[in-house]
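Colleague: I am new to this structure and would like to understand how its labels are earned. Could you take me through the reasoning behind some of them?

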Amino acid sequence: MKDQMEPAEKESIKAAAEDISREFKTLVNSEDLDSIRQLQHLILGRLQDSNAVLSHFNEYSEHCFAEVSADFSRNTRLLKSMKSDLDYIFQKLRSMKAKILATYPDAFPDDSTIEELDRRPDLELPQ
């Protein structure tokens, strides 16, 4: 196998490459390329502006989150504690109701009796 080409062969390849290059240049209008280049620069500028706005918004959001995250954590703990307390209260109420029903079976009316006893208007219904 030959490592080097002959100079005449190199010249013919170079000439063919230049011919093909010239032909490709004639396929594309230089004004179209300039127009595309200008549009790309315009798009690049808009994307850079958008990136700057988004970066500013991210910094602002991070600052706001830092301000309220302690309140969120504290309120979350408070709500969990309140839920636990309410669960305990309702458990005790159910237990007390069961004991009362065992002692006094007629202490709590059933659904049909509740409707007869409660003659107040339902404020939730449209009139």
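Colleague: What makes Lys 83 exposed rather than partly exposed or buried?

Modeller: In this predicted model, Lys 83 has a relative accessible area of 52%, and exposed means over 50%, so Lys 83 counts as exposed.

Colleague: Why is Asp 87 called partly exposed?

Modeller: The relative accessible area of Asp 87 is 40%, and since partly exposed covers what lies between under 20% and over 50%, Asp 87 is therefore placed in that class.

Colleague: How do you know that Lys 83 forms a salt bridge with Asp 87?

Modeller: The closest N and O atoms of Lys 83 and Asp 87 are 2.9 Å apart, and a salt bridge asks for a side-chain nitrogen of Lys or Arg within 4 Å of a carboxyl oxygen of Asp or Glu, so the pair qualifies. Lys 83 and Asp 87 are 4 residues apart in helix α2, which means that about one helical turn separates them.

Colleague: What makes Arg 74 and Asp 71 a salt bridge?

Modeller: Their closest N and O atoms lie 2.6 Å apart, and because the limit is within 4 Å, this pair also counts as a salt bridge. Arg 74, at 44% relative accessibility, is partly exposed, and Asp 71 is partly exposed at 33%.

Colleague: Where is the kink in helix α2 centred?

Modeller: The kink, of about 40 degrees, is centred on Val 68 in helix α2, which covers residues 30-103.

How values were computed: Residues numbered from 1 in each chain as written. Predicted model: local features only at pLDDT ≥ 70, side-chain atom pairs only at ≥ 80, totals over all residues. Heavy atoms only, no water. Bend = angle between axes of the 7 residues up to and from the residue. Helix = DSSP H or I, 4+ residues; strand = E, 2+ residues; numbered from the N terminus. Buried < 20%, exposed > 50% of the residue type's maximum accessible area, 1.4 Å probe, protein only.
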